[in-house]
Amino acid sequence: MQHDDSTTRRTVLAAAAGGAAAAASGAALAQAPRAKGPLVWLDMDQQGLDDAYDQIVYAPNRDQVGKRRIANSDKARAVIGNPERVAYGTTEIEKLDIYRTKAANAPVNIFVHGGAWRANRAADYACLAEPFVKAGAHYVVLDFINVDEAGGNLFPMVEQVCRAVAWVYKNAKTFGGDPNRLYLTSHSSGSHIGGCVVTHDWRKEGLPSDILKGAALGSGMYDLKPVRLSKRSKYVKFTDEMEESLSAQRHIDKLYTPLILAHGTYETPEFQRQTRDFFAAVKAAGKPVELLVGEGYNHFEMLETLSNPYGLLGRAVLAQMRLTAAA
């Protein structure tokens, strides 16, 4: 089902604002409807498509949720301790944080953060580690180059994350991990990268094609064509090769990892569609995949469900890893 981007945006913003402010905002928008220009993608004109790849338009509480995540990460480190910081590559950014569990030969979950390919750092995601560490898994959070530092090129980001996954596989035993029980979680642009990781040809590197035994990709993008048409092309130097190579939906033949795909009902229409379409394509290929829809959650709130062992994503990922929440 296609959505009128202006109507969807008004609905989301009105619900997020709440009360009289929402009514006033909705009334103001209703009095001055935007004239739609030529269609650029599906039923969207350029502004509609740009808005559909700009999270702040649909999630006005972005900064509030971000502050909450950083504060909760500080609290998590106070409980589970500081991570072991290890280099997986030669440049300064190529490091990862290992939050260890007490169990021996434990499964490992690797997290790839989002931030429009431009922002955020591993230290701000410690809050995700606590439920997994307490349930008996190591939790590894990656740092990697951003697209601005890479001169608009997404390839170095994907290459570094793949290198980090390979490092965890080869070195898991050194920190008490089981290399045969590696899992991946991700969010937003991190899920775009995660999609590239799970469709990477690991055999070319002499590694098992099922190096990851499961992955949960939240709120991601799996085909870069509409993204390339959006205002994100102002800072990402898209090429035909980049669009083709880094669109996971076009490489499902290389997928050997069971997937959980998720989006919230208050996400942008494009982030919802991207997830639904990727799910449908993986399912049509006969490969294991599950779709989770977070009712009432926007893009940033969806990630918070991963830090809760009884939240939508937290519960699903623990089940995928065959773990139970700590009592």
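Student: Which residues line the second largest cavity, and what makes a residue a lining residue?

Tutor: In this predicted model, the second largest cavity is lined by Thr-185, Ser-186, Ala-216, Leu-217, Gly-218, Leu-306, Leu-313 and Val-317. Two or more of these residues come from each of β7 (177-187), β8 (214-218) and α13 (312-320), with β8 giving the largest share, three residues; helices (H or I, at least four residues) and strands (E, at least two) are DSSP runs, numbered from the N terminus. They are called lining residues because a lining residue has an atom within 4 Å of a point of the cavity, a cavity being a set of points, on a 1 Å grid over the protein atoms alone, where a 1.4 Å probe fits but cannot get out. Residues are numbered from 1 along each chain as its sequence is written. In this predicted model, local features need pLDDT of at least 70, side-chain atom pairs count only at pLDDT 80 or more, and totals for chains, interfaces and linings use all residues, while side-chain values use heavy atoms, with hydrogens and water left out.

Student: How many cavities are counted, and what are the volume and lining of the largest cavity?

Tutor: Two cavities of 30 Å³ or more are counted, a volume being the space filled by probe spheres set on the points. The largest cavity has about 40 Å³, and its lining consists of His-200, Asp-201, Trp-202, Arg-203, Ser-209, Lys-254 and Tyr-256. The second largest cavity holds about 30 Å³.

Student: What makes up each lining in terms of nonpolar, polar and charged residues?

Tutor: Ala, Val, Leu, Ile, Met, Phe, Trp, Tyr, Cys and Pro count as nonpolar, Asp, Glu, Lys and Arg as charged, and the others, Gly among them, as polar. On that basis the lining of the largest cavity divides into two nonpolar, two polar and three charged residues, whereas that of the second largest cavity has five nonpolar, three polar and no charged.

Student: Why is Trp-117 called buried or exposed, and Ala-116 likewise?

Tutor: Buried means under 20% relative accessible area, exposed over 50%, and partly exposed in between (1.4 Å probe, protein chains only). Trp-117 has 2% and is therefore buried, while Ala-116, with 24%, is partly exposed. Ala-116 is in the loop between β5 (106-112) and α6 (126-135), and Trp-117 lies in that loop too. Neither residue is a glycine, although phi is positive in both, about 60° for Ala-116 and near 70° for Trp-117.

Student: How do you know that β5 and β6 pair?

Tutor: Two strands pair if DSSP finds at least two bridges between them, and β5 and β6 (residues 138-142) have four, in the parallel sense. In β6, His-138 is the bridge partner of Val-108. Helix α7 (residues 155-171) packs on the sheet, where it touches β3, β4 (95-99), β5, β6 and β7 (contact means heavy atoms within 4.5 Å).

Student: What makes α6 mostly covered, and what do its buried residues pack against?

Tutor: Eight of its ten residues are buried, namely Ala-126, Cys-127, Leu-128, Ala-129, Pro-131, Phe-132, Val-133 and Ala-135. These buried residues pack against α5 (62-80), β4, β5, β6, α12 (299-304) and α13. Just after α6, Gly-136 takes a positive phi of about 105°.

Notes. 1 Å grid on protein atoms, 1.4 Å probe; cavity = no way out; pocket = protein on both sides within 12 Å on 5 of 7 lines; lining within 4 Å. Axes fitted to C-alpha atoms, helices over the stretch in contact; angles between N-to-C directions.
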